[in-house]
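Thank you all for coming; I would like to walk through a few places in a structure that will be new to most of you. Please take a moment to look at the sequence and the model before I begin.

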Amino acid sequence: MAKFRSDFLNVLDQRGFIHQVSDPEGLDALAIKGPITGYVGYDATATSIHIGNLITVTMLYWLQETGHKAISLMGGGTSMVGDPSFRDDQRQLLTVEKIAANIDSIKKVYANILDYNGSNPAIMVNNADWLLKLNYVEFLRDVGRFFSVNRMLSFDSVKTRLDREQSLSFLEFNYMIMQGYDFVELNRRYGTVLQMGGSDQWGNIINGVDLSHRMGGAQLYALTTPLLTKSSGEKMGKSASGAVWLNGDLFSPYDFWQYFRNTEDADVEKWLKIFTRLPLDEIARLTALGGTEVNEAKKILATEVTAIVHGRQAAEQAAKTAAATFESGSLDLSLPTAEVPGLPEGIGLLSALVTSGLAASNGEARRHVQSGAVRVNDQPATDERRALAASDLLPEGVIKLSVGKKKHALLKPI
């Protein structure tokens with residue numbers, strides 16, 4: 001028997017999205033009565049969002065898919081302050097121009113995941129539209145008076161910072177007030193009643209729910225997802241070359257595909273439910289595969305998620321490249337490629353591994369070499385002092401670098 005009566009909450013529940021809901025019965029009843037409007041906020045502190053954000057964007061997709069209104073809120077205003085949640089230090093302050101450039105870059109991802117043009121279009125708004133126009137004294141009197149400093153200090157996101165004896169600036173302390181006000185303002189402008197986010201945002205979201213109540217506004221609701229972790233306990237979202245970004249210029253479609261292809265066996269079902277749009281019965285069939293057949297389920301997972309983020313053509317090309325590289329052993333020129341300024345004078349092997357994204361630092365590259373994991377043109381490379389030169393170029397004009405059996409890249413002189 002379904003836990004919820006509304007399609008929206010039922011889908012989220014069955015696919016493993018729900019961690020906390022402020023009033024599950026009330027939200028469920030409201031979602032049955034008619035279309036509701038919900039949002040997720042994203043600060044533009046980088047040129048891309050990352051794989052952790054993909055969960056909340058996917059929740060917006062299911063909100064829209066089940067007939068409700070989805071809003072993606074860009075934090076043009078809140079990005080000027082920076083969310084201090086669970087951080088040891090203050091974020092670097094960004095200029096208005098840098099924030100605007102980041103937002104323009106991030107928008108490309110949303111266009112692939114949400115429908116902004118259909119019969120029930122999602123909308124994208126920017127909280128700079130109202131936060132940057134506020135009169136400070138009026139804001140303190142009308143909004144700030146409803147926030148208890150004692151209560152704000154009790155939130156885990158703040159307590160963690162203070163327990164580590166790291167200072168919390170007055171600027172950062174205002175962030176949770178701004179986020180709470182966003183919720184109230186979105187309700188006033190668009191009738192928004194639901195804010196969703198990661199579990200680390202629970203306190204900030206609840207602030208908005210409480211603020212609306214204290215200001216005599218509408219009943220609002222909070223919903224958060226679980227922390228994204230692998231079955232091994234490791235936090236999901238990191239690769240050998242750093243964060244798993246959703247913009248292809250920071251993390252290539254091939255690397256993205258390969259990241260999901262390398263999913264641990266125990267996580268296949270969980271990631272299929274959360275990250276793909278495959279029917280649950282098809283997911284059940286795939287996860288019932290045993291032995292080496294589970295690799296086929298991983299390939300489908302990788303292709304489906306990559307298709308959502310980067311498009312079907314890019315996903316199929318990534319799968320094709322992987323098949324050529326791992327199964328036939330041939331050289332596929334669509335592997336991730338790093339360009340270097342000429343090779344006659346040589347480039348150190350360690351530097352080449354870092355440049356190609358196969359290692360995050362020279363130290364990590366050295367450990368790969370010392371462990372025997374590195375190959376150059378499919379031949380073992382055990383000398384960490386080795387230099388790659390023009391003589392190492394394959395007929396295709398590139399050098400193939402490998403770390404282990406699953407990580408490959410090309411080095412191309414320019």
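Helices here are DSSP runs of at least four residues, numbered from the N terminus, and with that numbering in hand we can place threonine 263 in the loop between helix H12 (253-261) and helix H13 (268-275). I should say at once that this is a predicted model.

Is threonine 263 buried or exposed? Its relative accessible area is 5%, and because buried means under 20% relative accessible area, threonine 263 counts as buried. Leaving aside residues up to four places away in sequence, threonine 263 touches Val268, Trp271, Lys298 and Leu301.

Let me turn now to a pair of helices. Two packed helices are described by the angle between their axes and the distance between the axes. For helix H1 (residues 7-14) and helix H3 (residues 51-65), the axes come within 9 Å and cross at roughly 145 degrees, and the crossing in which H1 passes H3 is right-handed. As for the side of each helix that takes part, Phe8, Val11 and Leu12 in H1 meet Met59, Trp62 and Leu63 in H3.

Finally, the surface. Which residues form a nonpolar patch there? They are Tyr136, Val137, Leu140 and Phe170, which together have about 420 Å² of accessible area, and helix H6 (residues 136-142) gives the most to this patch, with three residues. Tyrosine 136 lies in helix H6, and with a relative accessibility of 47% tyrosine 136 counts as partly exposed.

Methods
Residues numbered from 1 in each chain as written. Predicted model: local features only at pLDDT ≥ 70, side-chain atom pairs only at ≥ 80, totals over all residues. Heavy atoms only, no water. Patch = residues over 30% accessible without salt bridge, like charges linked within 9 Å, V, L, I, M, F, W, Y side chains within 5 Å. Areas by Shrake-Rupley, 256 points an atom, 1.4 Å probe, with all protein chains shown as cover. Salt bridge = Lys/Arg side-chain N within 4 Å of Asp/Glu carboxyl O. Helix = DSSP H or I, 4+ residues; strand = E, 2+ residues; numbered from the N terminus. Buried < 20%, exposed > 50% of the residue type's maximum accessible area, 1.4 Å probe, protein only. Axes fitted to C-alpha atoms, helices over the stretch in contact; angles between N-to-C directions. Left-handed = near helix turned anticlockwise from the far one by under 90°. Contact = heavy atoms within 4.5 Å.
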